[in-house]
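Biologist: I should like a close look at one part of this model, the packing of a pair of helices. Please describe the arrangement and the residues that form the contact, and then turn to any unusual backbone angles in loops.

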Amino acid sequence: MELLNDMALFVEVAKAMSFRQASRNTGVPNSTLSRRISLLEKSIGLRLLHRTTRKIELTEAGQLYYDRCKRIIEEARIAHEQLKQIITQPTGMLRVSLPVDFSVTYLSPLIAEFSSQYPGIKFEFDLTSRRVDLISEPFDLAIRMGDLPNSHLIARPLANLCINVYASPRYIEIYGEPMHPSELSNHACLNFQKANRWVLNDGSERVEIEVEGKFVVNSIGLLRRLATLDLGIVMLPTEIAADELLNGQLRRVLTKWQGDPITAYALTETRLLPAKTQRFIDFLQQHLTQKLIHN
């Protein structure tokens with residue numbers, strides 16, 4: 001147990017790169033920290049820190065030890081927290097990066113339900129489509145849609161969204177309705193950024209078509225709105241277009257054809273998650289697919 005405590009103190013010193021700052025963070029006196037780290041180095045037989053009057057730096061051995069220790073300490077902390085959660089509700093601030101349109105349309109009612117089940121959790125949401133850095137930025141997780149770049153992040157699938165082709169009744173009245181994906185090249189198409197090739201299939205045939213239009217945007221919500229204003233044909237997740245279909249602002253075209261499904265993912269930097277984060281992911285995995293099916 002004493003070794004684990006010393007490892008935890010070393011991690012705090014290495015993170016802060018300062019005995020004084022680590023002392024403030026932990027409440028352990030500066031002199032005690034220095035003595036405990038010296039004893040740890042002596043027991044290992046290697047110097048972990050280069051100390052000068054102005055700063056400290058990790059040695060090569062210290063960097064290796066820090067990389068291993070921080071995971072051990074984090075796992076021990078989470079194990080302790082998860083045991084506590086058996087008898088208590090998760091608490092604390094949950095910071096999540098969310099995609100704008102999908103969050104407003106579908107996640108917001110689920111967030112409200114989750115909040116009522118876990119009143120001890122506070123929330124900080126950042127709605128953005130940019131790729132956040134879960135290591136350097138203060139997020140517990142990010143929710144993203146579609147293909148993911150290769151990275152060290154842990155991706156947990158939440159739900160699959162069906163993709164179909166839509167246009168406004170007025171657009172179809174003016175420009176006609178395409179009967180085959182190949183006819184899309186003769187229409188104004190509303191493109192999501194870097195997606196000027198649409199892939200559609202009818203179960204037996206798969207067609208890839210290059211489309212053109214006046215508008216290229218990075219917001220699904222804006223694409224949907226432009227389509228309701230008769231400005232072109234659009235590919236959207238069925239769930240995102242549900243309200244416009246009900247009120248007649250959009251109608252599905254190429255009804256035998258559909259795009260490849262888009263998967264919603266929860267991204268985290270590690271598999272070792274505090275209870276508040278794990279409960280939120282579990283809740284979305286359980287309820288999001290049900291909600292999409294019922295809409």
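Modeller: What follows treats the helix pair and then two loop residues.

The model is a predicted one. Two packed helices are described by the angle between their axes and the distance between the axes. For helix α2, residues 19–26, and helix α3, residues 30–44, the packing angle is about 110° and the axes lie 9 Å apart. Angles of 65 to 115 degrees count as roughly perpendicular, and α2 is therefore roughly perpendicular to α3. On the α2 side, the contact is made by Phe19, Arg20, Ala22, Ser23 and Thr26. From α3, the partners are Asn30, Leu33, Ser34 and Ile37. By character, the residues of this contact between α2 and α3 comprise four nonpolar, four polar and one charged.

The loops contribute two residues with positive phi. Asp230, a residue other than glycine, has a phi near 70°. Asp230 sits in the loop that joins α7 (220–228) to β11 (233–237). Its relative accessible area is 28%, so Asp230 is classed as partly exposed.

Leu254 is likewise not a glycine, and its phi is positive, at about 50°. The loop that holds Leu254 runs between β12 (251–253) and β13 (258–268). Buried means under 20% relative accessible area; Leu254, with a value of 5%, is therefore buried. In short, Asp230 is partly exposed, whereas Leu254 is buried.

Technical notes: Residues are numbered from 1 along each chain as its sequence is written. This is a predicted model: local features need pLDDT of at least 70, side-chain atom pairs count only at pLDDT 80 or more; totals for chains, interfaces and linings use all residues. Side-chain values use heavy atoms; hydrogens and water are left out. Axes are lines fitted to C-alpha atoms, for helices over the stretch in contact, and angles run from 0 to 180 degrees between N-to-C directions. Helices (H or I, at least four residues) and strands (E, at least two) are DSSP runs, numbered from the N terminus. Angles under 35 degrees count as roughly parallel, over 145 as roughly antiparallel, 65 to 115 as roughly perpendicular and the rest as oblique. Contact means heavy atoms within 4.5 Å. Ala, Val, Leu, Ile, Met, Phe, Trp, Tyr, Cys and Pro count as nonpolar, Asp, Glu, Lys and Arg as charged, and the others, Gly among them, as polar. Buried means under 20% relative accessible area, exposed over 50%, partly exposed in between (1.4 Å probe, protein chains only).
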